[in-house]
Amino acid sequence: MELDRSVEIAREAIAGGADWIEIGTPLIKSEGMDAIRTMRKAFPDRTILADMKTVDTGAMEVEMAAKAGADVVIVLGSADDSTLLDALRSAHKYGVRLMADLISAPDPVKRAIELEALGVDYVNVHIGIDQQMTGKDPVSLLKEISERVDVQLAVAGGLDANSAVQAVKAGARIVIVGGNITRSDNVTEAARKIRQSVDSPEAVEIRNVGTVDQEIRAILKEVSTSNISDAMHRKGAMKGIHPLVRGKVVGTAVTVQSFPGDWAKTVEAIDIAKKGDVIVIYNGSKDIACWGGLATLSSLNKGIAGVVIEGAVRDIDEIETLGLPIYTSNTVPNAGDPKGFGEINAEITCGGQTVKPGDYIVGDESGVVVIPAERAYELARRAKEVNKTEKRLFDEIRRGGTLSEILELKKWEKR
């Protein structure tokens, strides 16, 4: 099934204008040389690129890929020169081309110069998936390398229609695109957009993504709390906190720690919060409200994105009319008194999750998740990858498959 899915995705990508078919390392590890043989049989007139990521036994692994039907074999650029030279001899013997991949090379510019001198056919300027999640991209590195070598350059690493244009302008002759095509819910259309941007780079307006915070917020608005929880390995979700007034919430936390029945600090936080913030409150009682309609209207006036409360809320009819997204653990009619005990913008626990001032808070119909500020960009990007995968699975299920069949659950169950 996995190979069948891969062939179908490749067929859809070709319909959108893809020239080469790359067989990625995970598929090769999963299916072995049968992955290359299957693609060769399915696409006899296409260039097949086998991402072996060879780091040792260069001649043997190039021979294996070549005999299985690969036209281009990828080895690690950081492999020892002896491995690369032996891989080159094997490539010449079996009539295939050799691409050296710079992923995780400690000094990629220096290594690219050395790889050209060794005689490889291509150098791939590649930022790996885990590195992409931390904000690295290949285009700036590509610019630097293209000024120092004449060997044909490929580029890979999270490329989309926008960054593919930048890559072409920076000197790439081969643009390798993975997830932004293969995990799309419309592979053909995604490939077509890349094809158009590569063919007519001057016609594409390069999009400015803004600040890191703006990019994080934009991504988090696209994904669900379920996507984020998956990206965090099932962590980050608050317990017992449910939407009272439904609506998507994305923002940075202003935290409040208050005592049972004391609502002074909860409303004082409104004055401290900025537009786009989320007020996150721990109150010691589910039976005495620390929030109500007046506080909600005040928050709307400040442009606050939403409120999350472990505790109780009242004035539900007013709050629903006002429409500010609020998540809480309980509703009651009675409130306490504003005594002024507690703290604003201290580390708190809400819904069983540690929340620090500035952490990113996302809420939707499924609940609320907390994303530590120091990992927000990485986790937003990982959640986006989860979202892409789910979109592709939805598309395949709509075509008539079942989830267990598509994921081959029985094959991968622990024995």
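The legends below describe close-up views of one predicted model. In this predicted model, local features need pLDDT of at least 70 and side-chain atom pairs count only at pLDDT 80 or more, while totals for chains, interfaces and linings use all residues. Residues are numbered from 1 along each chain as its sequence is written, and side-chain values use heavy atoms, with hydrogens and water left out.

**View 1. A salt bridge within helix α1 joins Glu8 and Arg11.** The structure holds 29 salt bridges, a salt bridge being a side-chain nitrogen of Lys or Arg within 4 Å of a carboxyl oxygen of Asp or Glu. In this view the side chains of Glu8 and Arg11 meet at 3.7 Å, N to O. Both residues belong to helix α1 (residues 2-15), where they lie 3 residues apart, about one turn of the helix; helices (H or I, at least four residues) and strands (E, at least two) are DSSP runs, numbered from the N terminus. Glu8 counts as partly exposed because its relative accessibility is 28%, and Arg11, at 41%, also counts as partly exposed. Here buried means under 20% relative accessible area, exposed means over 50%, and partly exposed lies in between (1.4 Å probe, protein chains only).

**View 2. A salt bridge links Arg399 to Glu8.** The side chains of Arg399 and Glu8 meet at 3.5 Å, N to O. This pair links distant parts of the chain, since Arg399 lies in the loop between α17 and α18 (403-407), Glu8 lies in helix α1, and the two are 391 residues apart. Arg399 has a relative accessibility of 47% and therefore counts as partly exposed.

**View 3. Asp395 and Arg392 form a salt bridge in helix α17.** The closest N and O atoms of Asp395 and Arg392 are 3.8 Å apart. Because they are 3 residues apart in helix α17, about one helical turn separates Asp395 and Arg392. Asp395 counts as buried at 15% relative accessibility, and Arg392 counts as buried at 3%. Salt bridges that share partners join Arg5, Glu8, Arg11, Glu12, Arg392, Asp395, Glu396 and Arg399 into one network.

**View 4. Phe341 lies in a loop between two strands.** The loop that holds Phe341 runs between β13 (326-331) and β14 (343-344). Although Phe341 and Asp262 are 79 residues apart in sequence, they are 6.9 Å apart in space, C-alpha to C-alpha. Leaving aside neighbours within four places in sequence, Phe341 is in contact with Gln257, Ser258, Phe259, Asp262 and Lys265, where contact means heavy atoms within 4.5 Å.
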